[in-house]
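Got your viewer open? Let's walk through this structure together, one selection at a time.

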Amino acid sequence: MTPLLKVEALSKHYGRHLGCGDVNFTLWPGEVMGIVGESGSGKSTLLNCLAGHLAPDTGRVIFETRAHGPRDTVTMTEPERRWLARTEWAFVHQNPRDGLRMGVSAGGNVGERLMAVGARHYGEIRAQAEDWLGRVEIDPTRIDERPRAFSGGMRQRLQIARNLVTGPRLALMDEPTGGLDVSVQARLLDLLRGLVRRLGLSAVIVTHDLAVVRLLADRLMVMKDGRVVEEGLTDQVLDDPQHAYTQLLVSSVLQV
Amino acid sequence: MYVAVKGGARAIENAHRWLADARRGDRDLPDLDVAQIREQLALAVDRVMAEGSLYDPDLAALALKQARGDAIEAVFLIRTFRTTLPRFGASLPIRTDAMQITRRISATYKDVPGGQVLGPTFDYTHRLLDFTLSDAKPVPAAAEAAAPAGPVPHILSHLGAEGLIQPEPAEPADVPDLTRAPLAVPAARPLRLQALTRGDEGFLLSLAYSTQRGYGRNHAFVGELRIGYVRVAAYLPKLGFEIEFADILVTECESVNQFQGSRTQPAQFTRGYGLVFGQSERQAISMALVDRALRARELGEETGTASAQDEEFVLSHCDNIQSSGFLEHIKLPHYVDFQAELELIRKPRRDAYAGQEAAE
Amino acid sequence: MSDYNFAYLDEATKRMLRRAILKAVAIPGYQVPFSRREMPMPYGWGTGGVQVTAACLVPEDTLKVIDQGADDTTNAVSIRKFFARVAGIATTEATAEATIIQTRHRIPETPLTEGQILVFQVPIPEPLRFLEPRETETRTMHALEDYGLIQVRLYEDTARHGEIARAYAYPVRVEGRYIMDPSPIPKFDNPKLHNAPALQLFGAGRECRIYALPPFTRVESLDFEDYPFTASKAAGQTCAICGAEDSYLDEVIIDDAGGRMFVCSDTDYCATRCAAQAEDAA
């Protein structure tokens, strides 16, 4: 089996300040990787480098494309990268406002990626949008409503549907449950877990919430000050943390 | 039989004759002399020169007369005249430190070398209508002090000597010309300044005011405002020497603004710059504030919410010839588009009523 | 009138404009920036079209100018007079006789032929502008062929109104590449853009853009397979003057009791048909 994503010696600086440094990891098909750390640890920088939103200073991000096999997404052209972003990748923002078009109906939001890759049959686009609304537990009769009318949890589920409609293989998620009530979080996590399993999706999930990674992630990377300080199987890292910082992180959660 | 909207040509000619008649007004009153406008409505003339982007007080006065006092219409006349003029080249940078000063103030220092000169200003006048102006009566000449000998250095140069204010880059070898190349964004600062100096006074004033009220706040002091005549010279390669060919009146404003510093730079004052033809200090100060606001991104300040910091927004909308032309074009016939819209509205209404009737 | 150069603009400016026009012809549908001049009429009143026309005119040309399809609307009269004055060229109202036609909001009903140039006045050249106000963004979207957003707008229309609710300035795709604003012509005229034998040039003065459709260019109006584009006009009406059924009609209110009639918006087309009918009768 070939890895879906291979990150080699990835570094990104902001001026003299280190964003993230010398990150290496491999993600296999169907695997979910969690990245935890406090704000400023470099986890969002890393995620944005993987998504092509930020250009890393050095390093390679090898993605196994459907059409052309392994390609370094750092050196590919912007049109190629945008094509991947529409077809093979999903990006879920923490704030659904950043990932949705708030002035466009739910159906239009879900249909955009289909149209961007050439769908031109209104009836089929709509049918797929309805199907996906159902899959993320939004009543399909609300297809013509705008996200403004939706609750926070619904918006987040709509953002997920909008991303998954083109059948991506890699989902990059930035604090997908942040800013939601605890009960809403639980429902979303359940939904995410179901989708990831059913679709065989690989994912990189950035979060500061250890409950999220315990539920979703097969493997875990812990970041501090731009560096990966510990990585391993999720249970292993959480139950037997080696690095002092991880120990602190785990114990602080337990105290809550 | 109805004939579709004929007679446009005659209507236009008649309208233009009417306009000429109305411009002249009551024939029992003397016709306004262009020189009178130039001398007695000098600030209106200055505004037309600044936004018209052409330094010629007589033409600006003529344009004001032709435009019946409508400043933007007069600016428009000057602009279209200006664009037909050949471009011989660019002048050398004017030396505002060698300005023959008629007004010079600083809000940052009580006293400065060269002194503060209030000059012919409305400041500190009581805004009470002077009814005696209705009657022509002699006005005594103002007393004049001797002009300071030699150049009067800029006040901010004293801050510069201490390293407290960010130095400005030397003039680039190739200065772009807004009137010769399409404006591309993001634009270099020279292009931004060119757009601002001919930008609409009211628009710049509102933007500058918005920064003072917190929309992109960067607290500004008027470091120096100076008005006076500067000499314009050009280097003529064919002759191999410089010639001086004009003295022009300009207003210059340098603002002093806070800057918090960043990871790479220590805290320092920064500068906004305004330079405008004529005595147009509202425009010059506004320009300096907007110039500084537009530097927010370059200086790593927080952006995203204030219009004055949004280069594309400011530069696309500051020109009053563009904006008034487009605004007023909606007076032109739009029968065809409106007809298409009518059909768009009628059809669903027809369908809806048909649906209702079918249901009944 | 000899104070100005032929066709008003100086030759250096015309050369600059012609370079932009040639580039536009070479990349159909692509908006070429050009350095516009202030013209002696306001921005928004056809300065882009006037500059393009000025750059194309030669002394042998015969110019026709229409606004809303008519030769006699005020702005058409004004522009025609301008060129008659600064270029001394012949003018005409007959579509077939013109070598250059400057137009605002219409394409003539009489089919254009090879060798003719149709110059459109364009207010907002950017078809994506109402979705995205930033030029930096829309430029990127064109460069990367990132056109999902405009299709979303058509989807929204269809979801809300059961059809694509665009009556004029209906966006087209040129040779399968650039999405282009055909200027605010009614969508009734869109099919005339496709495979036209004439050269079609578009000038936007205020926005400094020129774009073009070379003769015989593929131009498709955006739509959905199951909601295909239709070139509509006033339903079931014919011209009250010439009886034409195939032309675009203006609605005219004739009394204050709701009475109205429909007449050809293309005055030359209407007059030509009337003349032919009179001849037949005689």
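Here is a tour of some helices, a sheet, a few backbone oddities and a pocket, in a model that is predicted.

**Stop 1: a helix in chain A**

Select residues 43-51 of chain A, which form helix α1. Is this helix mostly enclosed or mostly open to the outside? It is largely enclosed by the rest of the structure, because eight of its nine residues are buried. Among the buried ones you can click on Lys43(A), Asn48(A) and Cys49(A), as well as Leu46(A) and Leu47(A). Now step just past the end of the helix to Gly52(A), where phi is positive, at about 85°.

**Stop 2: two unusual phi angles**

Here is a rule of thumb to carry along: most residues other than glycine have a negative phi, and most peptide bonds are trans. Stay in chain A and select Asp22(A), which sits in strand β2 (residues 17-27). Asp22(A) isn't a glycine, yet its phi is positive, at about 50°. With a relative accessibility of 46%, Asp22(A) counts as partly exposed.

Next, pick Glu175(A), in the loop between β7 (170-174) and α7 (182-199) of chain A. Glu175(A) also has a positive phi without being a glycine, this time about 45°. Is Glu175(A) buried or exposed? Its relative accessibility is 8%, so Glu175(A) counts as buried.

**Stop 3: a sheet in chain B**

Move over to chain B and show the strands. You'll find an open sheet of four strands in the order β1-β2-β3-β4, with antiparallel pairing. Which strands form the edges? They are β1 (100-105) and β4 (270-277) of chain B, and each of them pairs on one side only. Look along the sheet: neighbouring strands are turned by 25° against each other on average, ignoring direction.

Zoom in on β3 (residues 241-257) of chain B, which is joined to β4(B) by eight bridges and runs antiparallel to it. Try selecting Cys253(B) too: it stands opposite Gly274(B), a residue of β4(B).

**Stop 4: a cis peptide bond**

Still in chain B, go to the loop between α6 (156-161) and α7 (189-197), where Pro186(B) has its place. Select Val185(B) as well and look at the bond between the two: this peptide bond is cis, with omega near -5°.

**Stop 5: domains and a pocket**

Colour chain B by its assigned domains: domain 1 (2-82), domain 2 (96-169 + 176-318) and domain 3 (329-359). The C-alpha centres of domain 2 and domain 3 of chain B are 53 Å apart.

Now for the second largest pocket, which holds about 1,900 Å³ of space. Which residues lie nearest its centre? Select His16(B), Glu73(B), Leu77(B), Pro40(C) and Met41(C), part of a lining of 43 residues. The elements giving two or more residues to that lining are α1 (8-24), α4 (57-66), α5 (71-82) and α11 (320-328) of chain B, plus α3 (74-87) of chain C. Domain 1 and domain 3 of chain B each supply at least three residues to the lining. By type, the lining splits into 25 nonpolar, nine polar and nine charged residues.

**Stop 6: a loop in chain C**

Finish in chain C with Glu145(C), in the loop between α4 (135-143) and α5 (148-161). Glu145(C) is partly exposed, with a relative accessible area of 35%. Add Tyr178(C) to your selection: the two residues are 33 apart along the chain, while 7.4 Å separates their C-alpha atoms.

Key
Residues numbered from 1 in each chain as written. Chains lettered and ligands numbered in written order. Predicted model: local features only at pLDDT ≥ 70, side-chain atom pairs only at ≥ 80, totals over all residues. Heavy atoms only, no water. 1 Å grid on protein atoms, 1.4 Å probe; cavity = no way out; pocket = protein on both sides within 12 Å on 5 of 7 lines; lining within 4 Å. Points joined across faces, edges and corners; volume = space filled by probe spheres on them. Nonpolar A, V, L, I, M, F, W, Y, C, P; charged D, E, K, R; others polar. Domains from an automatic or database assignment. Buried < 20%, exposed > 50% of the residue type's maximum accessible area, 1.4 Å probe, protein only. Pairing = 2+ DSSP bridges. Axes fitted to C-alpha atoms, helices over the stretch in contact; angles between N-to-C directions.
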